[in-house]
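Work through the following exercises on charged side-chain pairs with the sequence and the coordinates at hand. Each task is followed by a solution in steps.

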Amino acid sequence: MDDAHILTAANWIRQAQQVAVLTGAGASKESGVPTFRDALEGLWAQYDPAQLATPEAFARDPKLVWDWYAWRRDKVSQAQPNPGHYALAELERIHSNVIVITQNVDDLHERAGSRDVIHLHGRLAGNKCSAECQGSPTLIDLAALEDEGKPPACPHCGAPLRPDVVWFGEALPQAALQRAYHISQHCDLMVVIGTSGLVTPAATLPIIAKQSNARLIEINPDDSMLTPHAHLKFSTPSGIALPRIIEALQI
Ligand code: OAD
């Protein structure tokens, strides 16, 4: 990693009034949480999203889908935030205007100490009524339920509960998305970490930021769809690049 690039990134952060951070699955990779599109270990290389991550799949086989998410939830609960997550939480302490926009459904940013995190694709830890019987989303606390079915039934209407995540073909949570658009339009710097940039609308946020004159930094060991748009690229895992940048900020 080039020291000059580290210093440039630190300077851009210092100069920015508003810093936006967009994270994808790569940000959690060093915590042992698999990404989606890694050719060998990626979730979508091993499992068929059409069978597991669509409303149709859930309607066809709710137990299969419920169990798959229970497995993912288990994996995340055993994982710990990595140095990249901690560096982002530290960034929030150093700079007064930092917002993390994540596509990740894990809670590793929060567990590392980030306080302002927008979850574009929902949260693995949450559950909701699949019929949204009390409005969208009808969140249900599993711990307060006696029903241990797989999936348990909604205590209001009896429909099966489902994880509070966005499935293929579904709209993103509107409030989260609107806030993410707003920040992308108004930030001076966006740091894009560990995303292939293949899934919209999340992948449009860096483009919106750049069109609004923000600088773009990308941290990703591989090239992504967003690499051609980046003003500065670190081809390094985020758990290595981010602590170095934060260290340079503190000098
Ligand atoms: P992908 O699996 O598509 O991409 C992960 C990216 O992380 C790749 O570009 C890797 O090169 C990069 N990467 C791997 N290790 C890294 C590391 N240590 N540090 C930094 N980068 C690293 O994951 P996403 O782009 O997040 O949607 O996928 C977007 C969405 O597609 C997900 O949120 C999910 C999925 O279908 C939903 O579940 C709705």
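The exercises below concern salt bridges and the exposure of the residues that form them.

The model is predicted, so local features need pLDDT of at least 70 and side-chain atom pairs count only at pLDDT 80 or more, while totals for chains, interfaces and linings use all residues. Residues are numbered from 1 along each chain as its sequence is written, and side-chain values use heavy atoms, with hydrogens and water left out.

**Exercise 1.** Find how many salt bridges the structure holds, and place the one between D3 and R244.

Solution. Begin with the criterion, a side-chain nitrogen of Lys or Arg within 4 Å of a carboxyl oxygen of Asp or Glu; the structure holds eleven such salt bridges. Next, the side chains of D3 and R244 form one of them, at 2.7 Å from N to O. This pair links distant parts of the chain, since D3 belongs to helix α1 (residues 3-15) and R244 to helix α11 (residues 238-249), 241 residues apart; helices are DSSP runs of H or I with at least four residues, strands runs of E with at least two, numbered from the N terminus.

**Exercise 2.** Decide whether E218 and K233 are buried or exposed.

Solution. First, their side chains meet in a salt bridge of 3.9 Å, N to O. The partners are 15 residues apart and link distant parts of the chain, E218 in strand β7 (residues 215-219) and K233 in strand β8 (residues 232-234). Finally, both E218 and K233 are buried, where buried means under 20% relative accessible area, exposed over 50% and partly exposed in between (1.4 Å probe, protein chains only).
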